[in-house]
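Here is a small set of exercises to work through with the viewer open. Try each task yourself before you read its solution.

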2 protein chains.
Amino acid sequence: MAPTTTDRSSARDRLLAAANELFYEEGVHTVGIDRVIERAGVAKATLYSTFGSKDELIRSYLDSRYTARKERISKEVASHDTPRERLLSVFDVLSESISKPGYHGCAFINASAEADLSSPILGVVDAYRTWLRTELAELADAAGAGDPGQLARQLMMLFDGAGIAARIDGYLTAATAARATAATLLDAAIATKRSGPAT
Amino acid sequence: MAPTTTDRSSARDRLLAAANELFYEEGVHTVGIDRVIERAGVAKATLYSTFGSKDELIRSYLDSRYTARKERISKEVASHDTPRERLLSVFDVLSESISKPGYHGCAFINASAEADLSSPILGVVDAYRTWLRTELAELADAAGAGDPGQLARQLMMLFDGAGIAARIDGYLTAATAARATAATLLDAAIATKRSGPAT
DNA sequence: GCTGAAACAGACCGGTCTGTCTGCTTTCGA
DNA sequence: TCGAAAGCAGACAGACCGGTCTGTTTCAGC
């Protein structure tokens, strides 16, 4: 039964792998179905019997990236002990992504820039961003930030901004700079807690 | 001669206005030529005799936004006296943009997400971002930052990140939050100057 | 009033897109 | 061994794309 499972899922997996490469590198709108099935070595009919539509393939592609990223970040966070290091380590994952050859920015930001307002992919984008923001807020709380939600928003801006700078400006150490900046903001957030909120 | 000038430039201006609305709201790749000329009330041949290609129309659209934004930011900066307020006022322009109905993120970030690597629009995007970064660095220097270039990079990340959060998360006060965060980073950068760079 | 430049409307072309459908081949469980 | 299921290749339909071209209308300057 293992071979059966392998065979049955291989078409789907190969399609997702091909979509992951092509959609991420060139954009979901630019890449046509024909190029995806060609790279996957799969018939067009198989794609449509498996996913039903291109939109659903795109959604699945983003969903698989969401799952992978969630696991990667969770694993990195879990590998550190102090609350401070756990919070800042999220930026280490970004550093890793950026340093990989072929980095082309945040897949979710890119996809949402191409999608129209009614696209089903926005649900996945929202799920990813909500998860990350919540995670950052929890880590910020554990690290002693005065207003964890506010710090999480600030770190999200740094996180997204670093990805943009790396992609567009070729600022390859953006994530390292963002991490250092995050440390500064964390210090300020802790100081706020000690002295009480200003105003 | 005034009427002549008006007539001659009106076709071009109407095309740019239509492109500005449609390309910005729905993406340069999604919107076809036919919809642009329909909204502009211009014949297709006129578009091609004026701009030569869709790519060049897109480039001109971004260029006009670049010019307008440069003027808007310069004007806002000039309206303040203290170096600190001049630096932070850049985020007030972002606040203004976000609060306008139909805000759809940074046009340059969106366009670059849709473009392939050889697209002529990347030149405009790069020109805009280089200008903004340089401007921020000069303002940071005047405000007494220890490392103006570094602070400018940090503020760029906040600036871009706030636009992303506003567009995707509907975080409408992102620019206000980014401005406050920028003030924190400015304070830290000034403190660094006083005490000398930390290692 | 006439001329010529410019903008108009819209047909048209080649190409590409998503999605469907028809055979042919392979595979695998009973 | 056999038959159902799944995958393969590729033709096909219908829509839409960017871009070209033809013919008509408008209007400023002489």
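Two residues are in contact if their C-beta atoms, placed from the backbone, lie within 7 Å. Keep in mind as you go that this is a predicted model.

**Exercise 1. Describe how α8(A) and α8(B) pack, and list the residues that meet.**

Solution.
- Step 1: Locate the helices. Each α8 covers residues 148-169, one in chain A and one in chain B.
- Step 2: Look at the geometry. The two axes lie 7 Å apart and make an angle of about 105 degrees.
- Step 3: Classify the angle. Values of 65 to 115 degrees count as roughly perpendicular, and α8(A) and α8(B) are therefore roughly perpendicular to each other.
- Step 4: Apply the contact cut-off. From α8(A) come A:M156, A:M157, A:L158, A:D160, A:G161, A:A162, A:I164 and A:A165, and they meet B:M156, B:M157, B:L158, B:D160, B:G161, B:A162, B:I164 and B:A165 of α8(B).
- Step 5: Sort this contact by class. It holds 12 nonpolar, 2 polar and 2 charged residues.

**Exercise 2. Widen the view to the whole contact between the chains: how many residues of chain B take part, and which element gives the largest share?**

Solution.
- Step 1: Count both sides. In chain B, 30 residues are in contact with 30 residues of chain A.
- Step 2: Find the contributing elements. On the chain B side, α6 (107-114), α7 (121-142), α8 and α9 (174-195) give two or more residues.
- Step 3: Pick out the main one. α8(B) provides the largest share, 12 residues.
- Step 4: Check the chemistry. This side of chain B divides into 14 nonpolar, 9 polar and 7 charged residues.

**Exercise 3. Work out what symmetry operation relates chain B to chain A.**

Solution.
- Step 1: Superpose the copies. A turn of 180 degrees with a shift of 0.0 Å along the axis lays chain B on chain A, with an RMSD of 0.0 Å.
- Step 2: Name the operation. This is the relation of a two-fold axis.
- Step 3: Compare the contact surfaces. The same surface serves both copies, as 100% of the contact residues of chain B recur in chain A.
- Step 4: Find the axis in the viewer. Of the residues of chain B, B:G161 comes closest to the rotation axis, with its C-alpha at 2.3 Å; B:G161 is also among the residues of α8(B) that meet α8(A).

**Exercise 4. Decide whether A:L151 is buried or exposed, and find what A:L151 touches.**

Solution.
- Step 1: Place the residue. A:L151 sits in helix α8 of chain A.
- Step 2: Count neighbours. A residue with 20 or more other C-beta atoms within 10 Å counts as buried; A:L151 has 26, so A:L151 is buried.
- Step 3: List the contacts. Leaving out residues up to four places away in sequence, A:L151 touches A:A140, A:A145, A:L185, A:L186 and A:A189.

**Exercise 5. Set out which residues and elements surround DNA strand C and DNA strand D.**

Solution.
- Step 1: Start with DNA strand C. It is surrounded by 20 residues, the closest being A:G32, A:I33, A:A45, A:K54 and B:A43.
- Step 2: Add the elements. α1 (2-26), α2 (33-40) and α3 (44-50) of chain A, with α1 (2-26) and α3 (44-50) of chain B, give two or more residues each, and the largest share, 4 residues, is from α3(B).
- Step 3: Turn to DNA strand D. Here 19 residues surround the strand, and the closest are A:A43, B:G32, B:I33, B:A45 and B:K54.
- Step 4: Find the main contributor there. The largest share near DNA strand D, 4 residues, comes from α3(A).

Definitions and conventions
Residues are numbered from 1 along each chain as its sequence is written. Chains are lettered from A and ligands numbered from 1 in the order in which they are written. This is a predicted model: local features need pLDDT of at least 70, side-chain atom pairs count only at pLDDT 80 or more; totals for chains, interfaces and linings use all residues. A residue is near a molecule or strand if its C-beta atom, placed from the backbone, lies within 6 Å of it. Axes are lines fitted to C-alpha atoms, for helices over the stretch in contact, and angles run from 0 to 180 degrees between N-to-C directions. Angles under 35 degrees count as roughly parallel, over 145 as roughly antiparallel, 65 to 115 as roughly perpendicular and the rest as oblique. Ala, Val, Leu, Ile, Met, Phe, Trp, Tyr, Cys and Pro count as nonpolar, Asp, Glu, Lys and Arg as charged, and the others, Gly among them, as polar. Copies are superposed by least squares on the C-alpha atoms of residues with pLDDT of at least 70 in both. A residue is buried if 20 or more other C-beta atoms lie within 10 Å of its own, exposed if 12 or fewer, and partly exposed in between; C-beta atoms are placed from the backbone.
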